[in-house]
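Visitor: Please show me the model, and then let me question you about it piece by piece.

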Amino acid sequence: MNSFIAFIMGPMVWISVIIFLGGLIFKLVGILGAVRQKEPYIYSYVTLKHSLRSIGAWLIPFFPRSARLSPVYYGISYLFHILLFLVPLFLASHIVLINEAFQISWPALNDSVADVLTLGVIAALIFFAVRRIRVPEVKYLTGAMDYLLILVVLLPFLTGFLAYHQWVAYQWITVIHILSGELMLIIIPFSRFSHMLNAPLTRAYMGSEFGHVRQARDW
Amino acid sequence: MAYSNRFIMFLIVLFAAVGTGFFSYAGQDLERLDPWAFDSPRRPGAVFSHDDHIFLLDDDCSVCHHVYENGELIPDESSEDLYCSDCHSLKPMPDNPMPLEAAYHNLCRDCHFDRGEGPVLCGECHVKE
(Lines give C-alpha, C1' and ligand atoms only; values in the text may rest on other atoms or scores of the structure.)
Protein backbone atom coordinates (compact mmCIF):
# COMPACT_ATOMS: atom_id res chain seq x y z
CA MET A 1 0.00 0.00 0.00
CA ASN A 2 2.83 2.41 0.84
CA SER A 3 4.38 2.06 -2.60
CA PHE A 4 1.00 2.82 -4.16
CA ILE A 5 0.58 5.89 -1.94
CA ALA A 6 4.16 6.92 -2.81
CA PHE A 7 3.22 6.75 -6.48
CA ILE A 8 0.02 8.79 -6.22
CA MET A 9 1.71 11.35 -3.94
CA GLY A 10 4.82 11.53 -6.14
CA PRO A 11 5.01 10.79 -9.88
CA MET A 12 1.24 10.90 -10.32
CA VAL A 13 1.14 14.51 -9.09
CA TRP A 14 3.68 15.45 -11.77
CA ILE A 15 1.81 13.50 -14.44
CA SER A 16 -1.44 15.28 -13.49
CA VAL A 17 0.10 18.76 -13.45
CA ILE A 18 1.85 18.17 -16.79
CA ILE A 19 -1.36 16.94 -18.44
CA PHE A 20 -3.28 19.87 -16.90
CA LEU A 21 -0.82 22.60 -17.94
CA GLY A 22 0.28 20.90 -21.17
CA GLY A 23 -3.33 20.25 -22.15
CA LEU A 24 -4.31 23.88 -21.59
CA ILE A 25 -1.28 25.18 -23.52
CA PHE A 26 -2.05 22.75 -26.35
CA LYS A 27 -5.64 23.98 -26.35
CA LEU A 28 -4.59 27.64 -26.31
CA VAL A 29 -2.27 27.13 -29.27
CA GLY A 30 -5.06 25.25 -31.06
CA ILE A 31 -7.60 28.04 -30.49
CA LEU A 32 -5.23 30.81 -31.55
CA GLY A 33 -4.27 28.76 -34.63
CA ALA A 34 -7.90 28.14 -35.55
CA VAL A 35 -8.68 31.86 -35.27
CA ARG A 36 -5.70 32.68 -37.48
CA GLN A 37 -6.94 30.20 -40.05
CA LYS A 38 -10.67 30.95 -40.03
CA GLU A 39 -11.15 34.54 -38.83
CA PRO A 40 -7.73 36.22 -38.84
CA TYR A 41 -9.24 39.73 -38.89
CA ILE A 42 -10.15 39.23 -35.21
CA TYR A 43 -6.48 39.79 -34.43
CA SER A 44 -6.70 43.21 -36.08
CA TYR A 45 -9.05 44.63 -33.45
CA VAL A 46 -8.30 42.62 -30.27
CA THR A 47 -6.46 44.92 -27.89
CA LEU A 48 -5.00 44.25 -24.44
CA LYS A 49 -6.79 47.32 -23.06
CA HIS A 50 -10.27 46.24 -24.16
CA SER A 51 -9.58 42.63 -23.21
CA LEU A 52 -8.52 43.49 -19.68
CA ARG A 53 -11.36 46.02 -19.33
CA SER A 54 -13.92 43.34 -20.13
CA ILE A 55 -12.28 40.68 -17.93
CA GLY A 56 -12.09 43.23 -15.12
CA ALA A 57 -15.72 44.27 -15.49
CA TRP A 58 -16.83 40.64 -15.31
CA LEU A 59 -14.73 40.09 -12.18
CA ILE A 60 -16.56 42.82 -10.23
CA PRO A 61 -19.37 41.17 -8.25
CA PHE A 62 -22.87 41.87 -9.64
CA PHE A 63 -21.48 44.43 -12.09
CA PRO A 64 -22.46 42.73 -15.39
CA ARG A 65 -26.13 43.08 -16.27
CA SER A 66 -26.65 39.33 -16.69
CA ALA A 67 -25.29 38.82 -13.18
CA ARG A 68 -27.93 41.15 -11.79
CA LEU A 69 -30.67 39.37 -13.73
CA SER A 70 -30.04 36.11 -11.83
CA PRO A 71 -28.36 37.27 -8.62
CA VAL A 72 -28.76 34.03 -6.63
CA TYR A 73 -27.17 31.78 -9.24
CA TYR A 74 -24.53 34.37 -10.06
CA GLY A 75 -23.71 35.06 -6.39
CA ILE A 76 -23.34 31.38 -5.50
CA SER A 77 -21.32 30.75 -8.66
CA TYR A 78 -19.05 33.73 -7.90
CA LEU A 79 -18.31 32.56 -4.34
CA PHE A 80 -17.93 28.97 -5.52
CA HIS A 81 -15.20 29.89 -8.00
CA ILE A 82 -13.27 31.83 -5.35
CA LEU A 83 -13.52 28.97 -2.83
CA LEU A 84 -12.62 26.37 -5.47
CA PHE A 85 -9.13 27.91 -5.62
CA LEU A 86 -8.85 29.51 -2.16
CA VAL A 87 -9.56 26.43 -0.05
CA PRO A 88 -7.13 23.95 -1.62
CA LEU A 89 -4.36 26.51 -2.20
CA PHE A 90 -4.48 27.94 1.33
CA LEU A 91 -5.16 24.72 3.21
CA ALA A 92 -2.54 24.17 5.94
CA SER A 93 -2.14 20.46 5.14
CA HIS A 94 -1.47 21.18 1.47
CA ILE A 95 1.00 23.97 2.25
CA VAL A 96 2.93 21.61 4.54
CA LEU A 97 3.35 19.13 1.65
CA ILE A 98 4.40 21.85 -0.79
CA ASN A 99 6.81 23.29 1.76
CA GLU A 100 8.48 19.92 2.26
CA ALA A 101 8.77 19.37 -1.50
CA PHE A 102 9.88 22.85 -2.62
CA GLN A 103 10.84 24.74 0.58
CA ILE A 104 8.31 27.47 -0.21
CA SER A 105 5.44 28.44 2.01
CA TRP A 106 2.65 30.97 2.45
CA PRO A 107 0.06 31.81 5.11
CA ALA A 108 -2.60 29.16 5.67
CA LEU A 109 -6.30 29.34 6.44
CA ASN A 110 -7.39 28.41 9.92
CA ASP A 111 -8.45 24.73 9.81
CA SER A 112 -11.94 25.36 11.20
CA VAL A 113 -12.51 28.14 8.67
CA ALA A 114 -11.33 25.88 5.84
CA ASP A 115 -13.67 23.19 7.16
CA VAL A 116 -16.71 25.48 6.89
CA LEU A 117 -15.62 26.82 3.48
CA THR A 118 -15.31 23.22 2.23
CA LEU A 119 -18.92 22.66 3.23
CA GLY A 120 -19.71 25.84 1.28
CA VAL A 121 -18.14 24.35 -1.86
CA ILE A 122 -20.11 21.12 -1.37
CA ALA A 123 -23.34 23.08 -0.85
CA ALA A 124 -22.70 25.10 -4.04
CA LEU A 125 -22.15 21.89 -6.03
CA ILE A 126 -25.44 20.49 -4.71
CA PHE A 127 -27.10 23.76 -5.75
CA PHE A 128 -25.64 23.44 -9.26
CA ALA A 129 -26.91 19.85 -9.53
CA VAL A 130 -30.40 20.78 -8.30
CA ARG A 131 -30.44 23.74 -10.70
CA ARG A 132 -29.72 21.41 -13.60
CA ILE A 133 -32.64 19.22 -12.55
CA ARG A 134 -35.12 21.94 -11.65
CA VAL A 135 -34.63 24.84 -14.08
CA PRO A 136 -36.24 23.77 -17.39
CA GLU A 137 -34.01 25.74 -19.77
CA VAL A 138 -30.90 24.44 -17.98
CA LYS A 139 -32.27 20.89 -17.78
CA TYR A 140 -32.76 20.99 -21.55
CA LEU A 141 -29.04 21.64 -22.04
CA THR A 142 -27.88 19.13 -19.42
CA GLY A 143 -26.44 15.73 -20.23
CA ALA A 144 -24.99 12.90 -18.16
CA MET A 145 -21.51 14.41 -18.54
CA ASP A 146 -22.61 17.56 -16.67
CA TYR A 147 -23.61 15.56 -13.59
CA LEU A 148 -20.44 13.50 -13.87
CA LEU A 149 -18.33 16.67 -13.88
CA ILE A 150 -20.11 17.94 -10.76
CA LEU A 151 -19.17 14.63 -9.16
CA VAL A 152 -15.54 15.06 -10.26
CA VAL A 153 -15.37 18.37 -8.35
CA LEU A 154 -17.41 17.08 -5.44
CA LEU A 155 -15.17 14.07 -4.74
CA PRO A 156 -11.93 15.82 -3.72
CA PHE A 157 -13.79 18.29 -1.49
CA LEU A 158 -16.04 15.67 0.12
CA THR A 159 -13.17 13.24 0.74
CA GLY A 160 -10.99 16.10 1.99
CA PHE A 161 -13.70 17.03 4.48
CA LEU A 162 -14.06 13.39 5.61
CA ALA A 163 -10.29 12.85 5.80
CA TYR A 164 -9.85 15.95 7.98
CA HIS A 165 -12.40 14.64 10.47
CA GLN A 166 -11.03 11.06 10.35
CA TRP A 167 -14.51 9.61 10.89
CA VAL A 168 -14.31 6.49 8.73
CA ALA A 169 -11.79 4.49 6.71
CA TYR A 170 -9.18 7.25 6.88
CA GLN A 171 -6.61 5.59 4.63
CA TRP A 172 -9.05 4.84 1.80
CA ILE A 173 -10.76 8.21 2.03
CA THR A 174 -7.38 9.93 1.77
CA VAL A 175 -6.28 7.77 -1.17
CA ILE A 176 -9.54 8.64 -2.99
CA HIS A 177 -8.96 12.28 -2.03
CA ILE A 178 -5.54 12.33 -3.71
CA LEU A 179 -6.70 10.39 -6.79
CA SER A 180 -9.85 12.48 -7.30
CA GLY A 181 -7.84 15.71 -7.04
CA GLU A 182 -5.49 14.43 -9.72
CA LEU A 183 -8.43 13.27 -11.83
CA MET A 184 -9.92 16.76 -11.67
CA LEU A 185 -6.66 18.34 -12.87
CA ILE A 186 -6.34 15.81 -15.71
CA ILE A 187 -9.93 16.31 -16.86
CA ILE A 188 -9.73 20.13 -17.04
CA PRO A 189 -8.28 20.45 -20.57
CA PHE A 190 -10.60 17.77 -21.98
CA SER A 191 -13.91 18.97 -20.59
CA ARG A 192 -16.00 22.09 -20.12
CA PHE A 193 -13.66 22.84 -17.18
CA SER A 194 -11.42 24.28 -19.88
CA HIS A 195 -13.56 27.41 -19.50
CA MET A 196 -10.78 28.45 -17.12
CA LEU A 197 -8.94 29.13 -20.39
CA ASN A 198 -11.87 29.84 -22.72
CA ALA A 199 -13.63 32.34 -20.46
CA PRO A 200 -10.88 34.98 -20.47
CA LEU A 201 -10.35 34.40 -24.22
CA THR A 202 -14.07 34.93 -24.84
CA ARG A 203 -14.00 38.12 -22.79
CA ALA A 204 -10.94 39.33 -24.71
CA TYR A 205 -12.78 38.80 -27.98
CA MET A 206 -16.12 40.21 -26.81
CA GLY A 207 -14.49 43.09 -24.97
CA SER A 208 -12.56 44.10 -28.08
CA GLU A 209 -15.46 43.55 -30.49
CA PHE A 210 -17.84 45.63 -28.37
CA GLY A 211 -15.36 48.08 -26.86
CA HIS A 212 -13.07 48.70 -29.82
CA VAL A 213 -15.28 48.15 -32.89
CA ARG A 214 -18.85 48.94 -31.78
CA GLN A 215 -17.86 51.41 -29.05
CA ALA A 216 -20.23 49.64 -26.65
CA ARG A 217 -20.07 47.84 -23.33
CA ASP A 218 -20.10 44.05 -23.14
CA TRP A 219 -21.17 43.75 -19.52
CA MET B 1 -46.51 -3.03 29.43
CA ALA B 2 -44.18 -4.59 31.97
CA TYR B 3 -42.67 -6.65 29.20
CA SER B 4 -41.98 -3.65 26.95
CA ASN B 5 -40.50 -1.70 29.89
CA ARG B 6 -38.13 -4.53 30.63
CA PHE B 7 -37.25 -4.71 26.95
CA ILE B 8 -36.46 -1.00 26.87
CA MET B 9 -34.32 -1.39 30.01
CA PHE B 10 -32.51 -4.25 28.32
CA LEU B 11 -31.85 -2.09 25.25
CA ILE B 12 -30.54 0.79 27.39
CA VAL B 13 -28.16 -1.52 29.26
CA LEU B 14 -27.05 -3.10 25.98
CA PHE B 15 -26.33 0.25 24.31
CA ALA B 16 -24.56 1.52 27.43
CA ALA B 17 -22.35 -1.56 27.52
CA VAL B 18 -21.53 -1.45 23.81
CA GLY B 19 -21.09 2.32 23.95
CA THR B 20 -18.73 2.16 26.91
CA GLY B 21 -16.74 -0.52 25.18
CA PHE B 22 -16.57 1.47 21.96
CA PHE B 23 -15.60 4.77 23.49
CA SER B 24 -13.04 3.26 25.83
CA TYR B 25 -11.50 1.65 22.75
CA ALA B 26 -11.74 4.78 20.60
CA GLY B 27 -10.38 7.01 23.35
CA GLN B 28 -7.63 4.66 24.50
CA ASP B 29 -4.40 6.41 25.31
CA LEU B 30 -2.17 6.08 22.27
CA GLU B 31 1.52 6.67 22.84
CA ARG B 32 2.26 9.99 21.17
CA LEU B 33 5.10 12.41 20.59
CA ASP B 34 4.78 15.47 22.82
CA PRO B 35 4.72 18.56 20.58
CA TRP B 36 6.00 20.84 23.38
CA ALA B 37 8.65 22.43 21.14
CA PHE B 38 6.01 23.84 18.75
CA ASP B 39 4.40 27.21 19.44
CA SER B 40 0.85 26.37 18.44
CA PRO B 41 0.61 22.92 16.87
CA ARG B 42 -2.29 22.51 14.43
CA ARG B 43 -2.39 18.74 14.89
CA PRO B 44 -2.18 16.43 17.89
CA GLY B 45 1.24 14.86 18.50
CA ALA B 46 2.06 11.97 16.18
CA VAL B 47 1.28 8.48 17.40
CA PHE B 48 4.66 6.90 18.07
CA SER B 49 5.91 3.94 20.06
CA HIS B 50 9.57 4.42 21.01
CA ASP B 51 9.95 0.82 22.19
CA ASP B 52 8.61 -0.59 18.92
CA HIS B 53 11.06 1.50 16.93
CA ILE B 54 14.04 0.46 19.07
CA PHE B 55 13.08 -3.14 18.33
CA LEU B 56 12.44 -2.54 14.61
CA LEU B 57 15.76 -0.73 14.16
CA ASP B 58 17.80 -3.35 16.04
CA ASP B 59 18.86 -0.87 18.73
CA ASP B 60 20.49 1.44 16.17
CA CYS B 61 19.54 4.75 17.78
CA SER B 62 21.44 6.82 15.21
CA VAL B 63 18.84 6.12 12.49
CA CYS B 64 16.65 8.76 14.13
CA HIS B 65 19.03 10.33 16.66
CA HIS B 66 21.44 11.29 13.88
CA VAL B 67 24.30 13.80 13.83
CA TYR B 68 24.88 16.16 10.92
CA GLU B 69 27.92 18.39 10.54
CA ASN B 70 28.12 20.95 7.73
CA GLY B 71 25.18 19.25 6.04
CA GLU B 72 26.88 15.86 6.11
CA LEU B 73 25.56 12.86 8.04
CA ILE B 74 28.25 11.62 10.43
CA PRO B 75 28.07 7.81 10.36
CA ASP B 76 27.91 5.87 13.64
CA GLU B 77 27.45 9.06 15.68
CA SER B 78 24.27 9.43 17.63
CA SER B 79 22.57 12.19 19.58
CA GLU B 80 20.24 10.61 22.14
CA ASP B 81 21.36 13.21 24.67
CA LEU B 82 19.77 16.04 22.64
CA TYR B 83 16.23 17.11 21.91
CA CYS B 84 15.32 17.25 18.22
CA SER B 85 14.58 20.93 18.77
CA ASP B 86 18.14 21.55 20.03
CA CYS B 87 19.30 21.42 16.39
CA HIS B 88 16.06 21.88 14.41
CA SER B 89 14.41 25.26 14.94
CA LEU B 90 10.87 26.13 13.92
CA LYS B 91 12.05 28.12 10.89
CA PRO B 92 14.88 27.15 8.52
CA MET B 93 18.20 28.58 9.74
CA PRO B 94 21.52 29.09 7.89
CA ASP B 95 23.31 26.54 10.09
CA ASN B 96 20.41 24.07 9.84
CA PRO B 97 18.01 24.54 6.93
CA MET B 98 15.79 21.65 8.07
CA PRO B 99 13.02 22.99 10.32
CA LEU B 100 11.64 20.84 13.12
CA GLU B 101 8.30 19.97 11.52
CA ALA B 102 9.87 18.96 8.19
CA ALA B 103 12.56 17.01 10.07
CA TYR B 104 9.91 14.86 11.73
CA HIS B 105 7.81 14.51 8.58
CA ASN B 106 10.71 13.61 6.32
CA LEU B 107 12.42 11.26 8.76
CA CYS B 108 9.29 9.30 9.66
CA ARG B 109 7.47 9.33 6.32
CA ASP B 110 10.49 8.71 4.08
CA CYS B 111 11.58 5.76 6.22
CA HIS B 112 8.04 4.33 6.12
CA PHE B 113 7.98 4.78 2.33
CA ASP B 114 11.43 3.17 1.97
CA ARG B 115 10.54 0.21 4.16
CA GLY B 116 7.07 -0.16 2.65
CA GLU B 117 5.48 -0.22 6.09
CA GLY B 118 4.35 2.23 8.72
CA PRO B 119 1.97 5.19 8.40
CA VAL B 120 2.57 7.77 5.63
CA LEU B 121 -0.66 9.81 5.41
CA CYS B 122 -1.23 12.86 7.64
CA GLY B 123 -4.02 11.42 9.78
CA GLU B 124 -2.37 8.02 10.19
CA CYS B 125 0.13 9.61 12.61
CA HIS B 126 -1.81 12.68 13.71
CA VAL B 127 -4.79 10.60 14.86
CA LYS B 128 -7.56 12.80 16.27
CA GLU B 129 -7.63 12.87 20.06
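Guide: What follows is a set of questions and answers on the two chains and on where they meet.

Guide: This is a predicted model, in which local features need pLDDT of at least 70 and side-chain atom pairs count only at pLDDT 80 or more, while totals for chains, interfaces and linings use all residues. Residues are numbered from 1 along each chain as its sequence is written, chains are lettered from A and ligands numbered from 1 in the order in which they are written, and side-chain values use heavy atoms, with hydrogens and water left out.

Visitor: In what order do the elements of chain B run from the N terminus on?

Guide: Helices (H or I, at least four residues) and strands (E, at least two) are taken as DSSP runs, numbered from the N terminus. Chain B has five helices and two strands. Of its 129 residues, 18% count as buried, where buried means under 20% relative accessible area, exposed over 50%, and partly exposed in between (1.4 Å probe, protein chains only). From the N terminus on, the order of elements in chain B is α-α-β-β-α-α-α.

Visitor: Which helices of chain A do the buried residues of H2(A) pack against?

Guide: Helix H2 of chain A covers residues 11–38, and its 28 residues reach 40 Å from the first C-alpha to the last, close to the 40 Å expected at 1.5 Å a residue, the expected span being 1.5 Å times one less than the number of residues. Its buried residues are A:Met12, A:Ser16, A:Phe20, A:Gly23 and A:Leu24. With contact taken as heavy atoms within 4.5 Å, the helices of chain A against which these buried residues pack are H1 (2–9), H11 (170–187) and H12 (195–213).

Visitor: Which element gives the most to the side of chain A that touches chain B?

Guide: Across the interface, 20 residues of chain A are in contact with 20 residues of chain B. The area buried between chain A and chain B is about 1,600 Å², of which carbon and sulfur atoms give 51%; buried area here is the accessible area (1.4 Å probe) that two parts lose on being put together, summed over both. There are twelve residue pairs in polar contact between the two chains, both residues at pLDDT 80 or more, a polar contact being a pair of N or O atoms within 3.5 Å, of which, within protein, one must be able to donate a hydrogen and the other to accept it, and residues adjacent in sequence count only if both atoms are side-chain atoms. On the side of chain A, H1, H7 (92–102), H10 (144–165) and H11 each supply at least two residues, and the element that gives the most, with five residues, is H7(A).

Visitor: Which residues do salt bridges that share partners join into one network?

Guide: A salt bridge is a side-chain nitrogen of Lys or Arg within 4 Å of a carboxyl oxygen of Asp or Glu, and three are counted between chain A and chain B. The side chains of B:Arg42 and A:Asp111 meet in one of them at 3.8 Å, N to O, and those of B:Arg43 and A:Asp111 meet in another at 2.6 Å. The latter pair crosses from the loop between helix H1 (2–26) and H2 of chain B to helix H8 (residues 111–134) of chain A. Salt bridges with shared partners thus join into one network A:Asp111, B:Arg42 and B:Arg43.

Visitor: How many residues apart in sequence are the parts that the pair of A:Asp146 and A:Arg192 ties together?

Guide: A:Asp146 counts as buried at 9% relative accessibility, and its salt bridge with A:Arg192 has the closest N and O atoms 3.0 Å apart. Because A:Asp146 lies in helix H10 of chain A and A:Arg192 in the loop between H11 and H12 of chain A, the separation in sequence of the parts that the pair ties together is 46 residues.

Visitor: The side chain of B:His126 reaches the backbone oxygen of which residue?

Guide: B:His126 lies in the segment after helix H5 (122–125) of chain B and counts as buried at 18% relative accessibility. Not counting residues up to four places away in sequence, B:His126 touches residues including A:Gln166, B:Arg43 and B:His105. At 2.7 Å, the backbone oxygen that its side chain reaches is that of B:Pro44.

Visitor: Is A:Phe62, with its positive phi, buried, partly exposed or exposed?

Guide: Most residues other than glycine have a negative phi. Phi of A:Phe62 is near 60°, a positive value in a residue other than glycine, and this residue is placed in the loop between helix H4 (48–59) and helix H5 (65–69) of chain A. At 38% relative accessibility, A:Phe62 counts as partly exposed.
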